[in-house]
Amino acid sequence: LRKVAKSVTLHDPWQVGGRGGAIEAPSEELKALGVELREMYPSKGTAWCCGGGGGVVANHRADELRYKTFRIKMEQIEQTGAELPVTTCANCRQTFDDGQAHFKWDHKMHSLLELVADNLLGVIADEENNETIHRGGAGQVCRINARSVANVNVLIVTGHDEGNGNR
């Protein structure tokens, strides 16, 4: 992985950490990227929801409560002073995009999956096909398309050996 010379704070989504049990893995991935990790408080299994948990972002009757909750999350992020807020949940990113527009907030939420994919060593950006290409040794090629699709983080990896055409 290419090192990322930025300060990062991690929004720990309930679905991934609290419910799914993947509490330390996102922080470990960020450390592998070499970022300066600035933890929010509270974090890990006791982190505040961003306001869109359980798909609430799509329930506009809950907007008032959702925005109150999101304001707490905005303050937590700002208190870290981090350059990049990052999350592992596509639903949270949608909530952050909505909250960013509502509050005219100048922080954009980033995807950990996309951050990792964009910083693989040996990667060439292919803007036309919206993917990154990793060239390994001996003619091996790995195409990576890391995007959020229908609120699910998707990592599509295809590979082949240019020497013999095998996939």
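1. Cysteines and disulfides. In this predicted model, the sulfur of Cys 92 has its closest cysteine sulfur in Cys 89, at 3.7 Å, and this is too far for a bond. Cys 50 gives a similar reading: its closest cysteine sulfur belongs to Cys 92, at 3.7 Å, which is again too far for a bond. A disulfide would require two cysteine sulfur atoms within 2.5 Å, so neither of these separations qualifies. The count of disulfides accordingly comes to zero. A disulfide, in general terms, is a covalent bond between the sulfur atoms of two cysteines.

2. Setting of the cysteines. Are Cys 50 and Cys 92 buried or exposed? Cys 50 has a relative accessibility of 1% and counts as buried. Cys 92 is likewise buried, with a relative accessible area of 7%. Both values lie under 20%, the limit that defines a buried residue, and therefore both residues receive that label.

3. Overall architecture. The protein chain contains five helices and eight strands. Read from the N terminus, its elements follow the order β-α-α-β-α-β-α-β-α-β-β-β-β. Of the 167 residues in the protein chain, 40% are buried.

4. Pro 13 and its contact across the chain. Pro 13 is placed in the loop between strand 1, residues 7-11, and helix 1, residues 14-18. Its relative accessible area is 6%, so Pro 13 is classed as buried. Which residue, 79 positions away along the chain, has its C-alpha atom 7.1 Å from that of Pro 13? The partner is Cys 92, the buried cysteine discussed above.

5. The cavity. One cavity of 30 Å³ or more is counted in the model. The largest cavity holds about 50 Å³ of space. Ten residues line the largest cavity, and the closest to its centre are Asp 12, Pro 13, Trp 14, Lys 44 and Ala 47. Pro 13 thus appears in this list as well as in the loop that precedes helix 1. By class, the lining consists of five nonpolar, three polar and two charged residues. As background, empty space is revealed by rolling a probe the size of a water molecule over the atoms.

6. The aromatic cluster. Five aromatic pairs are found in a search of the whole structure. One of them joins Phe 70 and Phe 103, whose ring centres are 6.1 Å apart and whose planes meet at 10°. Why is this pair called stacked? The angle of 10° falls under 30 degrees, the limit for a stacked pair, so the description applies. The pair links distant parts of the chain, with Phe 70 in helix 3 (residues 63-80) and Phe 103 in helix 4 (residues 90-103), 33 residues apart. Phe 70 has a relative accessible area of 1% and is therefore buried. Ring pairs connect Tyr 67, Phe 70, Phe 96, Phe 103 and Trp 105 into a cluster. Tyr 67 has a further partner: the charged end of Arg 66 sits over its ring, 4.7 Å from the centre.

7. A cis peptide bond. Tyr 41 and Pro 42 are joined by a cis peptide bond, with omega at about -10°. Pro 42 is located in the loop between strand 2 (36-37) and helix 3. At a relative accessibility of 16%, Pro 42 counts as buried. Its C-alpha atom is separated by 8.5 Å from that of Gln 76, although the two residues are 34 positions apart along the chain. Gln 76 falls within the residue range 63-80 given for helix 3.

8. Two residues in one loop. The loop between helix 4 and strand 4 (110-111) contains Lys 104, and His 107 is found in that loop too. Lys 104 has a phi near 55°, a positive value in a residue other than glycine. The relative accessible area of Lys 104 is 71%, so this residue is exposed. His 107, by contrast, has a relative accessibility of 17% and is counted as buried. The C-alpha atoms of His 107 and Leu 84 lie 7.6 Å apart in space, with their positions 23 residues apart in sequence numbering.

Key: Residues are numbered from 1 along each chain as its sequence is written. This is a predicted model: local features need pLDDT of at least 70, side-chain atom pairs count only at pLDDT 80 or more; totals for chains, interfaces and linings use all residues. Side-chain values use heavy atoms; hydrogens and water are left out. Rings of Phe, Tyr and Trp (its six-membered ring) pair if their centres lie within 6.5 Å; planes under 30 degrees apart count as stacked, over 60 as edge-to-face and the rest as tilted. Helices (H or I, at least four residues) and strands (E, at least two) are DSSP runs, numbered from the N terminus. Buried means under 20% relative accessible area, exposed over 50%, partly exposed in between (1.4 Å probe, protein chains only). A charge sits over a ring if NZ of Lys or CZ of Arg is within 6 Å of the ring centre and within 35 degrees of the ring normal. On a 1 Å grid over the protein atoms alone, a cavity is a set of points where a 1.4 Å probe fits but cannot get out, and a pocket is an open set with protein on both sides within 12 Å along at least five of seven lines; lining residues have an atom within 4 Å of a point. Grid points are joined across faces, edges and corners, and a volume is the space filled by probe spheres set on the points. Ala, Val, Leu, Ile, Met, Phe, Trp, Tyr, Cys and Pro count as nonpolar, Asp, Glu, Lys and Arg as charged, and the others, Gly among them, as polar.
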